[in-house]
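Hi everyone, thanks for coming. I'd like to walk you through one model today, starting with its pockets and ending with a helix.

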Amino acid sequence: MSPRYRRILLKLSGEALMGGDAYGINRQVIGDIVAEIKAVVEMGVEIGVVIGGGNIFRGMAGTATGMDRATADYMGMLATVMNAMALSDALRQAGITARVQSALRVDQVVEPYIRGKAIRYLEEGKVVIFAAGTGNPFFTTDTAAALRGSEIGAQIVLKATKVDGIYSDDPKKNPAATRYDRISFDEVIARNLAVMDATAFALCRDQRLPINVFSIFKAGALKRVVQGENEGTLVVFQKMEE
């Protein structure tokens with residue numbers, strides 16, 4: 001089956017890299033994620049990745065201990081650079097060429113973010129990993145995913161989580177909660193469902209950039225999403241549903 005999307009922005013949380021560990025990067029988990037990405041690359045899909053840093057340091061956690069918010073956020077951005085480097089190396093070992101571009105200048109270890117160069121890498125079939133969020137404090141990596149997805153002309157933002165979609169309620173607390181296969185941006189707002197932070201969600205809505213929330217831990221899920229199959233929850237602009 002041919003892919004429905006030719007260029008995607010994959011959002012990975014730092015917590016996803018931990019697996020069952022308390023912190024850090026679980027080798028088996030990152031290997032599984034790389035296998036999912038490789039399967040999609042081999043279909044000819046161009047992939048940009050935004051990765052979080054919560055497995056190493058989370059800015060909001062730092063503020064809870066009395067740290068200045070901006071300082072804590074910059075530390076969180078540096079954590080995402082570490083994760084991006086780890087993912088890039090794992091992709092290299094799997095035979096996939098990747099480039100890391102950072103919104104913070106760390107030129108000795110990774111490239112600075114340059115939009116034109118990132119697009120050229122994508123056109124060459126390389127995976128581009130965007131690190132350090134937006135490069136600004138007070139913005140999440142969800143917002144970075146919406147921003148980079150818009151900048152590179154991605155057709156969809158894929159938010160990889162531990163949950164297999166968007167539910168009417170917390171499925172862990174409410175066994176009767178139902179998963180939405182497809183929902184509009186307006187419905188998400190009306191039902192007050194947690195998809196992304198408000199800034200990221202508003203940017204995707206304004207750019208008419210659809211979002212698919214799915215579980216990265218389901219084997220083959222990323223490939224099924226890219227092929228347009230019913231996997232996870234697809235968030236679309238209202239007119240697309242008519």
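Before the pockets, a word on classes: Ala, Val, Leu, Ile, Met, Phe, Trp, Tyr, Cys and Pro count as nonpolar, Asp, Glu, Lys and Arg as charged, and everything else, Gly included, as polar. And please keep in mind that this is a predicted model.

With those classes, the lining of the second largest pocket divides into 4 nonpolar, 2 polar and 2 charged residues. They are R27, I30, G31, V34, D89, A90, Q93 and A94. Two elements, α1 (27-41) and α3, each give two or more residues to that lining, and α1 has the largest share, with 4 residues. The space in this pocket comes to about 160 Å³.

Now the largest pocket, which holds about 1,100 Å³ of space. Its lining has 45 residues, and K11, S13, R58, D142 and K159 lie nearest the centre. By class, that lining has 18 nonpolar, 16 polar and 11 charged residues. Here α3 gives the most, 5 residues. Among the other elements that supply at least two are β1, α5 and β6 (156-161).

Finally, my helix. Which residues of α4 are buried? In α4, residues 115-123, they are A118, I119, Y121 and L122. These four sit on the same side of α4, because they cover an arc of only 160° around the axis. Their packing partners are β1 (7-12), β2 (46-51), β3 (98-102), β4 (111-112), β5 (127-131) and α5 (141-151). Just after α4, look for G125, with a positive phi of about 90°.

Thanks, everyone!

Methods. Residues are numbered from 1 along each chain as its sequence is written. This is a predicted model: local features need pLDDT of at least 70, side-chain atom pairs count only at pLDDT 80 or more; totals for chains, interfaces and linings use all residues. Side-chain values use heavy atoms; hydrogens and water are left out. Buried means under 20% relative accessible area, exposed over 50%, partly exposed in between (1.4 Å probe, protein chains only). The arc is that of the directions from the helix axis to the C-beta atoms. Contact means heavy atoms within 4.5 Å. On a 1 Å grid over the protein atoms alone, a cavity is a set of points where a 1.4 Å probe fits but cannot get out, and a pocket is an open set with protein on both sides within 12 Å along at least five of seven lines; lining residues have an atom within 4 Å of a point. Grid points are joined across faces, edges and corners, and a volume is the space filled by probe spheres set on the points.
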